[in-house]
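Grab a pencil and work through these exercises with the model open beside you. Each one has a task, then a solution in steps.

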Amino acid sequence: MAFGRHERVQFSKIYSLSCFRPSTSEEHGQIGQKGYSRVVYCNDADNPEAFQLRYRSNYVSTTKYTAVNFIPKSLFEQFRRVANIYFLVVAFVSFSPLAPFRASSILFPLLVVIGATMAKEGVEDWRRRKQDIKANNRKIHVYKDRSFSESKWKDLRVGDLVKVYKDEYFPADLLLLSSSYPDGICYVETMNLDGETNLKLKHAFDVTASLQDDNSFHKFKAVVKCEDPNEDLYSFVGSLCYNDQQLSLSLQQILLRDSKLRNMEYIYGAVIFTGHDTKVMQNATDPPSKRSKIEKRMDKIIYILFSTLISISFIGSIFFGLRTNRDLNHGSYGRWYLEPSRTTALYDPKRPVLAAFLHFLTGLMLYGYLIPISLYVSIEMVKVLQSIFINQDQDMYHDETNRPARARTSNLNEELGQVDTILSDKTGTLTCNSMEFVKCSIAGVAYGRGMTEVELALARRKNVEPLDVGTTSSNISGSHGGIGNSGKAIKGFNFRDERIMDGEWANEPHSDIIQKFFRVLAICHTAIPDVNKHTGELSYEAESPDEASFVIAARELGFEFFERTQTSISLHECESGVKIDRSYELLNMIEFSSARKRMSVIVRNADNQLLLLCKGADSVMFERLSKDSQPYEDQTKNHINKYAEAGLRTLVIAYRPLDEDEYMAWEKEFLKAKTSVSVDRDDLVDAASEKIEKDLILLGATAVEDKLQKGVPECIEKLSHAGIKMWVLTGDKMETAINIGYACSLLVQGMKQIVITLDSPDISAIEKLNDREAIAKASRESIEKQLREGRSQLDLTKSSSVLFALIIDGRSLTYALEKNLESSFLEVAIDCSSVICCRSSPKQKALVTKMVKEGTRKTTLAIGDGANDVGMLQEADIGVGISGAEGMQAVMASDFAIAQFRFLERLLLVHGHWCYRRIAMMICYFFYKNIGFGFTLFWFEAHASFSGQPAYNDWYMSFYNVFFTSLPVIALGVFDQDVSARLCLKYPLLYQEGVQNILFNWPRILGWMFNGLLSSMIIFFICKNSTIHQAFREDGHVVDYEILGVIMYTCVIWAVNCQMALSINYFTWIQHFFIWGSIFFWYVFLVLYGYLKPEWSTTAYRVFVDACAPSPFYWMTTFLVVASTLLPYFLYRAFQTRFHPMYHDEIQRRRSEGCELAEPGELPGRVKDKMDHLSERMKHSYREM
Amino acid sequence: MDALPRPKLKSKKPKYSRFTQQELPAWKPILTPGWVIASFVAVAILFIPAGLLCLSASERVVEIIDRYDDECLPDSYSNKGDSFIQSKDTNKTCVRTMKVPKKMTAPVFIYYQLDNFYQNHRRYVKSRSDKQLRDPGFADETRDCKPEDNLHGDENEPIIPCGLVAWSLFNDTYILSKGNKVLDINKKDIAWKSDTEIKFGSDVYPKNFQKGELIGGGELDETKPLSEQEDLIVWMRTAALPNFRKLYGKINSDLEANETITIVIQNNYNTYEFGGEKRIVLSTMSWIGGKNDFFGIAFLTIGGICLFMAINFILLYVCKPRPLGDPSYLSWNRNPSGQ
């Protein structure tokens, strides 16, 4: 282990601690006020005040339900759905004489459905509970009776002192008191919190760092006052009162729950936040729940069905009322056998309106089979299973990061098949986010040979044969893979230039500047060196890959950073072949932030010189350079532009010598800013740092390459072939963005670019005037004009096949997103096949997403990897997180997580397409089968004077949705494939079926419903007409109520299951098993049910064995009806595949005709032979005709 | 960059199986022209002979139907059928003759046919007590039978069999004779075996039946157990549709062609009040049951449609074979971005 060297060092002055020196006179900002009212008495459990506070225990529960509220709460969740409420009401009413069937037969399917959903909820919750139990029972050492003894996490209380050992997780949010290092520092891994794998350094106060052994805590008492529990991981406001000293706390002293102690023996800490008050728990929110478009449309269909239900009940009750009224005719009763003179309100001819109304209620129950009770639960089950398939897909598993794809929500599976626009982040999403130092410009001289992928693409575009393609490209790919062709490749370093490598820099004209340049790289960073004990190799833990690449570059060029203490940074510097150790005293560090876009350190070198070393983005650095004599400014700018064109990330390197007095004055101010405990501390620190980061002297610029991820260009090309529009939202400069666009096939040769920018001379002229309103006005006008021009360009070439790309920068975007320009911007943008938004902020990303989503009303998918993409991911219809290097925040906010951008291709084109198709077909079929069944009841009613007598036995009906027809449709939803995954990818255009929603458009849905209606009519009227009077058996028996029910029901079961078999074209054994099994089960049920006692089986008593089975008529009717019900759909399909085939029909045809080589094992040989033979014969036969 | 020695992570690589990778062997039939035509031809080949078979069976069945409800109404009571039938004094005997068109081989089944009689009305269907019919111990199980549950509302006097179905028992009787010879009508085994053996108890006797203030249909012999009262059993198997036949009995002798059958009908059952019709039907049987032309015709129609479609499709592919892989058929191929 590499920490031995820390052990003996007792730092008297710690640079970062100096920032937080106790300052008792300081006003403690808002402590004690609202939001900052927490008081923690450390190691003082008996204190009555502490007792009164009653902070939450450390018991954590992430479950949705508890044992007590599970039943009521989950039931409540269930009955929030309209359909379920309907069924519940029906179940209640079924106990009254209104009910056409027995209450139990209505309750049973409802219970099954509700039970299945509750079981699913329960299992999910149980898993969470098990995790909770595990977490709550982890062991921790708590100070009690003068020693640290083992205890469970859940028993921990606020104010307890704990001892955490190496590689243990912190059980709660702790205040770091001391560590096994005398200086009270410790290293923490926060992977569980933010996914960052680098180690973070935490410091204890000097005053507490001396508490070095268990016994020293005997008299330890302290009071912490701090902010109330909140979810902000990156700030902490509080103060520590210890030994009459007031110390202000920052995040530097706080160890967050679920992060891990690394590289240390142990630490001591005091518990501040427990359980649900901890930052990590406060952050644990569910991803926003999104609903897919298909489900929204499904709700509409349910409403249609409800209105159908109501209207047919209404029609029925009118007829019933009229007929009942006729039973009383001028004082004489018509249908005497119903005894209308002594009847109940239900059938009273004296009060026909009331009877009709009551019958209406009966009808609502009777025709309830139109509403598929099991639809929701089936869809939920199907989606969970679909997600499992997504999670299990080997082709979406990334070996290097050991991450499979993960569907974090199963709600949106089918939405994946309908994506119209992808909005993508660039860094870390399209690129690897592993930086390689490739070029630099020092003192106006550009160093670094070799070409990037972007440059190659650029060269290709300009039709210039790159000079040294052979070497460079292999270099690049070689270094990426870890094996170079020129000796050992170093990760993060791909720099080749013999002029400055291997110490040759000393012979360059500006060798002093080169030396300074690399010193800045070696010193100005926050990386921590780490020596591998066995190999002696040095590696770095850095906060960002950019930073690591700089330190590595410095090392490779002879400025090896090897040690960091709290006050110094030490380098091995090679000077003319001799290694010299130089140590730099570290005085201050002004950290990097996305707002500042730069970082600086202030060091004192061995010659007692004070130096400010600074690196930062060109946009902020150039304005901070000293006004006089910057000899290389122009060349450097020039180089930076070139690097940007080559798709590289650039940073400007500068320094400034400080004089002692200025520094002393500044330090005071800076300290004051740093130690102020208030919300505007950051602003104060910024203001202070502004004062010293000025008059810099330019040294040069670095260029690091963020490599494109593997397979990105191919993936983007495929997606564009699938007709998916791609928007890239990046923080890069326009040139970089365009070049990256070319490199990743987003922009292609021959595409016309519409560029919207505010970088025009007239705008900059106005900007010089510094009049905000004028700038805004001019910008708006300019953008409007540019949009108009773009529009006319698009209109001019509408007929031709020229593709357009829109490129817009962040500043223009601000104006383009304003209300009055938004629509014209969107109009231009959606006519372009790709759109690039450069220099866009996280907020803009989310706004653009929102605009696209709401403007086009089509499905948008956002993909990103960083915290800055979270807004975009949540705004889009689907958020896909890349679980890459930048932490887990994007993943936590996403609906699907994949490891690499290229997996998006498979996720959309294969899984998305399949899921879309499955769900769409499944829902259509569901409506078909329920309408087909429900309407037979209605037709029967029409022949039973609408009295409300169901055509079938109660239990046949209640099993309909639960057993006889449920499993095949689930199999369809889980397993169906129109074409194999390989063909999905080969014919990306197939994806358009989902985008255009042609499998779930209204004609198709209504078509299926009509088919259901047709089936019900065919079933009922054929059965009715063939059994109306005469005997159906040789022994003279006629068809009665019981037998007609069985005949019709048999026909229904056969018809709907065969319809399923006809409409899918993918049969594994599972489909065969479920479809034919369901039919078979009906007979099994009928036999078993028929053998129950007559009280139980009522009208089903032995009806199959005794009456139906021996009759050839029964079997032939089934046969006749099934063939007739399938005929309309079969005819439709036959004509459709002939005259208006859908794309998948076409692909299937090609596959079967052998235009596609069949995958081995795709078709069992025997079947294939047979089919070939048959089709051959058919061809011959009609050729001869 | 991963400098710290980490415990080797367990690979999260999904395990391979054909199931999880969705690569199960599957049969993927598609609607090629061959399959379409083959299916049509196959259905036609099956259905047309089946239809012919059914039709010929139906042809062989000899069926005589005679509607007698209006014919048996004396002229003086025309349009006043209900008062005729309700009156105790009118002569309900009615003589009808029918000619046998073709030879009817035994057994000849005698049915009565009622039309516009809603035996499937919910109130009617529910008004019975299966428990009471089966088991003498459940004699007072008459909850569902209202208003024909107890005699004069006295709970100790349950009506057996209770309910509207039994109460409205059909009670016309037929005596058939050929020349002077009365034909023996066998009324045994006209009900389903399961009904006589199980559903109707052999130790359940009618009680208080048709003793109430309203008299419905026929009466029952109180000395015979229900299981032997096959007319009741047949009647209580409610019909599915408002037009139905029920078995009255069987004649176990042949009826020769052109013989005249005389039927003496006791026209007791009131269909006049609700505008129903009554018929007597004599029929022989075939393997599909009674005379059933619809069935055969339906088969022939479906078979015919399929044959027609098969021919159409064959012609279609011969005259206008689809160019192989012609993409112009695809609706969106004309604009690839799908707008």
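**Exercise 1: the sheet**

Work out the strand order of the open sheet in chain A, and find its edges.

Step 1. The open sheet has 9 strands, running 16-35-34-33-17-29-32-31-30 in chain A, with mixed pairing. Strands are DSSP runs of E, at least two residues, numbered from the N terminus; helices are runs of H or I, at least four. Two strands pair if DSSP finds at least two bridges between them.

Step 2. Strand 16 (406-407) and strand 30 (752-756) of chain A each have a single partner strand, so they sit at the edges with one side lacking a neighbour in the sheet.

Step 3. Strand 17 (residues 419-425) and strand 29 (residues 725-729) of chain A pair in the parallel sense over 5 bridges. There, A:M726 of strand 29 is the bridge partner of A:I422.

A word on the source: this is a predicted model, where local features need pLDDT of at least 70 and side-chain atom pairs pLDDT 80 or more, while totals for chains, interfaces and linings use all residues. Residues count from 1 along each chain as written, chains are lettered from A and ligands numbered from 1 in written order, and side-chain values use heavy atoms, without hydrogens and water.

**Exercise 2: a salt bridge**

Find what A:E415 pairs with, and which parts that ties together.

Step 1. A:E415 meets A:K293 in a salt bridge at 3.8 Å, N to O (a Lys or Arg side-chain nitrogen within 4 Å of an Asp or Glu carboxyl oxygen).

Step 2. A:E415 is in the loop between strands 16 and 17 of chain A and A:K293 is in helix 8 (residues 293-326) of chain A, so the pair links parts 122 residues apart in sequence.
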